[in-house]
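Student: I'd like to go through this one with you, a bit at a time. Can I fire off questions while we look?

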Amino acid sequence: MNGEYLPWNDCKLHIRTQVVMMGGSVFEGIRAYWNAEHNELYAFKVREHLLRLRDSARAMRMKEFSIDVLGEVCLELLRKNEFREDVHIVPTAYLGAGEGFFALTKTRDEGVFVSAIRRPGGKWLKDGKHVRVSSWRRISDACMPPRIKASGNYINSRLALLDAWQDGYDDAIILNERGTIAESAGSCLMMVRNGTLFTPPVTAGILESITRTTLMELFREKMGMTVIEREIDRSELHYAEEVFLCGSGMEVVPVVSVDRIAVGSGKIGAITESIQKIYFDIARASDTSHAEWRVPVYSKELVS
Ligand code: PMP
């Protein structure tokens, strides 16, 4: 945190900082995967995440930081904790106390911190999620650009999630201001219709997901399939053979029903199952192609 490695309980910020009061921060969620056979922890697409963090910070007119330094800090934090399991890393750039400790005054007090926790995946991977289309709309580029990964944006996700959970669903799909599919509370969406893959474009009110880009590339390369970026209607989810969610935290999770209408057979679909395996094999380095996407934490420094 701001240049120091601190014990968990000493990672403190004052309650009158703008990050606490107003959600004034931008952040990333990065995964690192343990490969027991290689005796190595692989951090996935660190540089891509830090570039997006830099873009988020820029859009928020926050201070520049060095991607190389922050990348090395992320890796060093993993080494210091001696993680030998799957991990979730969250680098964050935040607004500290404003002039006079007010919520919307100028602040020169800005900082960066990174935290990492154990995070085994797997809860939804096989069984999939039952989702609903939320009555909440996605924030839009006209007010809170979803492309900026700002903490405050997640209030929108939370509103959609809380009422989905309340009504017994696992997650919420959120429509954009035009009423077409944007994304879920914390991941992007892909759909298979008549054997073709579709995903909403980056102008549909989504976070420009790194996993989405990764899967588009892997579909092309490993399965000879092109993902078409186009607007998706809500009712298309009721017609689709397969729907799945993707994100660094989410990974690749099948959606087995939408609005209580089964997707396809109501079980994980063949295309989802294939891309899920391809993704994990690459991320965990069981498939050693795309070495440029992984940093072997214990044997190498960040490749710039
Ligand atoms: N959309 C939202 C709202 C998210 O929070 C996330 C997770 N970061 C994603 C999409 C997926 O993005 P990524 O693949 O870069 O993790």
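Student: Setting aside neighbours within four places in sequence, which residues is Asn176 in contact with?
Tutor: Keep in mind that this is a predicted model. Asn176 sits in the loop between β7 (171-175) and β8 (181-184). Once the neighbours within four places in sequence are left out, its contacts are Arg137, Arg138, Ile181, Ala182, Ala204 and Glu231.

Student: Is Asn176 buried or exposed, then?
Tutor: Buried here means under 20% relative accessible area. Asn176 has a relative accessible area of 3%, so the label is buried.

Student: Which backbone oxygen does the side chain of Asn176 reach?
Tutor: Look back at the contact list, which includes Ala204. At 2.9 Å, the side chain of Asn176 reaches the backbone oxygen of Ala204.

Student: On to the ligand. Which residues are the closest to it?
Tutor: The ligand is surrounded by 16 residues. By class, that shell splits into six nonpolar, six polar and four charged. The closest are Tyr154, Glu183, Ser209, Thr211 and Ser248.

Student: How far is a nitrogen atom of the ligand from an N or O atom in the side chain of Glu183?
Tutor: Start with Lys149, which has a polar side-chain atom 2.9 Å from a nitrogen atom of the ligand. For Glu183, an N or O atom of the side chain and a nitrogen atom of the ligand are separated by 2.6 Å.

Student: And how much of the ligand's accessible area does the protein cover?
Tutor: Ser209 also makes a polar approach, with an N or O atom of its side chain 2.6 Å from an oxygen atom of the ligand. On its own the ligand has 390 Å² of accessible area, and the part covered by the protein is 95%.

Student: Which elements give two or more residues to the shell around the ligand?
Tutor: A helix and a strand fit that description. They are α5 (210-223) and β12 (242-247).

Student: Why is β12 largely enclosed by the rest of the structure?
Tutor: Take the faces separately: Glu242, Phe244 and Cys246 are on one side, with Val243, Leu245 and Gly247 on the other, and all are buried. In a regular strand, side chains alternate between the two faces of the sheet. β12 is largely enclosed because the buried count is six of the six residues.

Student: Which residue of β13 does Phe244 stand opposite?
Tutor: β12 is joined by five bridges to the antiparallel strand β9 (residues 188-193), where Met190 is the bridge partner of Phe244. Another five bridges join β12 to β13 (residues 251-258), again antiparallel, and a hairpin links these two strands through three residues. In β13, the residue opposite Phe244 is Pro254.

Student: What about β2: which residues point the other way from Ile30, Ala32 and Trp34?
Tutor: Six of the six residues of β2 (residues 30-35) are buried, so this strand is largely enclosed by the rest of the structure. Ile30, Ala32 and Trp34 point one way, and pointing the other way are Arg31, Tyr33 and Asn35.

Student: Which residue of β4 is the bridge partner of Arg31?
Tutor: β2 pairs antiparallel with β4 (residues 87-95) over three bridges. Within that pairing, the partner of Arg31 is His88.

Student: Last one: which residue in the hairpin of β2 and β3 takes a positive phi?
Tutor: Four bridges join β2 to β3 (residues 40-44), which run antiparallel, and Asn35 stands opposite Glu40. The hairpin has four residues between the strands, and the one with a positive phi near 55° is Asn39.

Key:
Residues are numbered from 1 along each chain as its sequence is written. This is a predicted model: local features need pLDDT of at least 70, side-chain atom pairs count only at pLDDT 80 or more; totals for chains, interfaces and linings use all residues. Side-chain values use heavy atoms; hydrogens and water are left out. A residue is near a molecule or strand if one of its heavy atoms lies within 4 Å of it. A polar contact is a pair of N or O atoms within 3.5 Å; within protein, one must be able to donate a hydrogen and the other to accept it, and residues adjacent in sequence count only if both atoms are side-chain atoms. Accessible areas come from the Shrake-Rupley method with a 1.4 Å probe; for residues, only the protein chains shown count as cover. Ala, Val, Leu, Ile, Met, Phe, Trp, Tyr, Cys and Pro count as nonpolar, Asp, Glu, Lys and Arg as charged, and the others, Gly among them, as polar. Buried means under 20% relative accessible area, exposed over 50%, partly exposed in between (1.4 Å probe, protein chains only). Two strands pair if DSSP finds at least two bridges between them. Contact means heavy atoms within 4.5 Å.
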